[in-house]
Amino acid sequence: MTAGSAVTHADPSHRPVLWTQVMDALRVRSDGRYLDGTYGRGGHARGVLERLGPAGRLLVMDKDPVAIANAQALAASDARVAVRRGSFADLGAWDETAAGLDGVLLDLGVSSPQLDEAARGFSFRNDGPLDMRMDNESGESAAQWLARADEREIADVLWTYGEEKLSRKIARGLVAARQQAPITRTAQLAELIASMVGRGAGKIHPATRSFQAIRIFINRELDDLGRGLDAALARLKPGGRLAVISFHSGEDRIVKQFIAARARPPAGNRRLPVAIEFTPTLREIDGAQRADDAEVEANPRSRSAVLRVAEKLEVAA
Ligand SMILES: C[S@@+](CC[C@H](N)C(=O)[O-])C[C@H]1O[C@@H](n2cnc3c(N)ncnc32)[C@H](O)[C@@H]1O
């Protein structure tokens, strides 16, 4: 664990995003085996534990060393909990999952503590080193990547993961700016972007999309999501539930298409009247679920949260 990342015990009063909907979706059985692939502050995990009996098991994962230290403290006092540090993309490699799972929860993106702690370098509001790694003990930081990537690569990342329309202009400006001085601080990057694109009259900071894009790229978030969904489906038992909370359209599109492709036959082609054999492996539950007004008021971050739920079907071998 790095300096400044002391273990802070999860705040029991913290209600995570879409908590009630997630608990309804998982339908926790008292003797079931569940995996929370994004432990964070453990809010959802605590809800699962409250519903599990003594024979139940809760497996938790996170990439973040602070989240894992908190999860380990929980596991030390609750024998039903097992912890593994790493990406949920690799959940299938954990022997604890081999017996099959009754439910998998992925609450994607960054946690509030990650955003709030300036030293983690995710936030343009709290100045800190330009890091942005969920696992800040391995891989390349945002500052290291911005120091070496060429203009085209930077523009592609801003466009692909942030849908930033001014991606080329920003990339050109960043490459010019780093020739004067390395870009190493979050406030410095935010200010550079604002100076290139103007502050505009919009509600969001002009660097919002770029920060999101760089974070998704640095943490390989969409790649992990695709692999994690495949791994979860492979480990779910028939009747097991998959619940995924997304925070932006790129993530939600992947989850929506993953479920749709396994729950519904592909649309027919009028010019090719060939019967397509299709055996569904998932049943979609309830479509897209969002936070209600009261939750959005209490927790503005829940405004962009979308929960999708699916149940694994019994499929003849
Ligand atoms: C939105 S928070 C989860 C909050 C949590 N549900 C709670 O109740 O406190 C997302 C967490 O997932 C972790 N995370 C994001 N992507 C991950 C991945 N691919 N594998 C493992 N952990 C990941 C982040 O480090 C962060 O701690």
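**Asp224, the ligand and three helices**

Trainee: Which side chain makes a polar contact with the side chain of Asp224?
Mentor: The cut-off for a polar contact is 3.5 Å between N or O atoms. One side-chain pair of Asp224 is at 2.9 Å. Bear in mind that this is a predicted model. The partner is the side chain of Ser87.

Trainee: Is Asp224 buried or exposed?
Mentor: Asp224 sits in helix α10. Outside its sequence neighbourhood of four places, Asp224 touches Lys63, Ser87, Phe88, Ala89 and Asn219. Buried means under 20% relative accessible area. Asp224 has 8%, so it is buried.

Trainee: How far is a polar side-chain atom of Asp224 from a nitrogen atom of the ligand?
Mentor: Asp224 offers a side-chain atom here, whereas Gly37 offers a backbone N or O atom, 3.5 Å from a ligand nitrogen. For Asp224, the distance to a ligand nitrogen is 3.1 Å.

Trainee: How much of the ligand's accessible area does the protein cover?
Mentor: The ligand has 23 residues around it. The closest are Arg41, His44, Asp62, Asp107 and Gln114. Gly42 also has a polar backbone atom 3.2 Å from a ligand oxygen. On its own the ligand has 610 Å² of accessible area, and the protein's cover amounts to 96%.

Trainee: Now α6. What should its 12 residues span?
Mentor: Helix α6 covers residues 151-162. The rise is 1.5 Å a residue, and the expected span uses one less than the number of residues. The end C-alpha atoms are 16 Å apart, which agrees with the expected 16 Å.

Trainee: Within what arc do the buried residues of α6 fall?
Mentor: The buried set is Ile154, Ala155, Val157, Leu158 and Gly162. Look down the helix axis: these residues line one face, because they fall within an arc of 160°.

Trainee: Which helices do the buried residues of α6 pack against?
Mentor: Take Ala155, a residue of α6. At 8% relative accessibility, Ala155 counts as buried. Beyond four places in sequence, Ala155 touches Ser167, Arg168 and Ala171. For the buried residues of α6 as a set, the partners are α5 (142-148), α7 (167-180) and α9 (208-218).

Trainee: Which residue takes a positive phi just after α6?
Mentor: A positive phi also follows α9, at Arg220, near 50°. After α6 the phi is about 45°, and the residue is Glu163.

Trainee: Within what arc do the buried residues of α7 fall?
Mentor: Check the length first: 14 residues should span 20 Å, and the end C-alpha atoms are 20 Å apart, which agrees. The buried residues are Ser167, Ile170, Ala171, Leu174, Val175 and Ala177. They line one face of α7, since they fall within an arc of 165°.

Trainee: Which exposed residues does the face of α7 turned away from its buried side carry?
Mentor: The buried residues of α7 pack against α5, α6, α8 and α9. Exposed means over 50% relative accessible area. On the face turned away, the exposed residues are Arg168, Gln179 and Gln180.

Trainee: What covers the buried residues of α9?
Mentor: The buried residues here are Ser210, Phe211, Ala213, Ile214, Arg215, Ile216 and Ile218. Their cover includes α5, α6, α7, α8 (186-197) and α10 (221-235).

How values were computed. Residues numbered from 1 in each chain as written. Predicted model: local features only at pLDDT ≥ 70, side-chain atom pairs only at ≥ 80, totals over all residues. Heavy atoms only, no water. Helix = DSSP H or I, 4+ residues; strand = E, 2+ residues; numbered from the N terminus. Buried < 20%, exposed > 50% of the residue type's maximum accessible area, 1.4 Å probe, protein only. Arc of directions from axis to C-beta. Contact = heavy atoms within 4.5 Å. Near = heavy atom within 4 Å. Polar contact = N/O pair within 3.5 Å; in protein donor to acceptor, adjacent residues only side chain to side chain. Areas by Shrake-Rupley, 256 points an atom, 1.4 Å probe, with all protein chains shown as cover.
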